[in-house]
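Please open the model in the viewer and display side chains as sticks. The tour below proceeds by selection, one stop at a time.

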Amino acid sequence: MEINLFNLIGIGYLGNMIAYDFTPIQPAKQKLIEFIPFTGLNCSKCLSFWIGIFIYVDLLHGAVAGLVGYLINHIIDRVKAWYE
């Protein structure tokens, strides 16, 4: 996969979707967390990091993907708080 900002944002959002937003996989994810408690599946930053490492096979790009996942989660939390 080509390394560009669009792909890193996509990986960050994918990590956020798996961690929080995509509801059809949440029951299966919770059962996996009960079976393996230290998976990091409830953290968008951690999940984006591991997806980035898996796709790019590079620690630096995984770290940037984790940072982007954290920023996306932070923005979503700020917007939700703004509408409350």
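Is Tyr83 buried or exposed? In this predicted model, Tyr83 has a relative accessibility of 66% and therefore counts as exposed, the cut-off being over 50%.

Next, select Trp82 together with Tyr83. The two form an aromatic pair with 5.2 Å from centre to centre and 50° between the planes, a geometry classed as tilted. Trp82 is likewise exposed, at 68% relative accessibility.

Extend the selection to Ile75 and Val79. With Trp82 and Tyr83, these residues make a nonpolar surface patch of about 540 Å². A surface representation coloured by residue is suitable here.

Within this patch, centre the view on Val79. This residue lies in helix α4, which covers residues 59–83. Val79 has a relative accessible area of 38%; because this value lies between the 20% and 50% cut-offs, Val79 is partly exposed rather than buried or exposed.

Now move to the other stop, and select Phe49 and Trp50. The model has two aromatic pairs. Phe49 and Trp50 form one of them, in an edge-to-face arrangement: the centres are 5.1 Å apart and the planes are at 70° to each other. The angle is over 60 degrees, so the pair is classed as edge-to-face.

How does accessibility differ within this pair? Phe49 is partly exposed at 21% relative accessibility, whereas Trp50 is exposed at 51%. Both values lie just above a cut-off, since buried means under 20% and exposed means over 50%.

Definitions and conventions
Residues are numbered from 1 along each chain as its sequence is written. This is a predicted model: local features need pLDDT of at least 70, side-chain atom pairs count only at pLDDT 80 or more; totals for chains, interfaces and linings use all residues. Side-chain values use heavy atoms; hydrogens and water are left out. Patches are made of residues with over 30% relative accessible area and no salt bridge: like charges are joined within 9 Å, nonpolar side chains (Val, Leu, Ile, Met, Phe, Trp, Tyr) within 5 Å. Accessible areas come from the Shrake-Rupley method with a 1.4 Å probe; for residues, only the protein chains shown count as cover. A salt bridge is a side-chain nitrogen of Lys or Arg within 4 Å of a carboxyl oxygen of Asp or Glu. Helices (H or I, at least four residues) and strands (E, at least two) are DSSP runs, numbered from the N terminus. Buried means under 20% relative accessible area, exposed over 50%, partly exposed in between (1.4 Å probe, protein chains only). Rings of Phe, Tyr and Trp (its six-membered ring) pair if their centres lie within 6.5 Å; planes under 30 degrees apart count as stacked, over 60 as edge-to-face and the rest as tilted.
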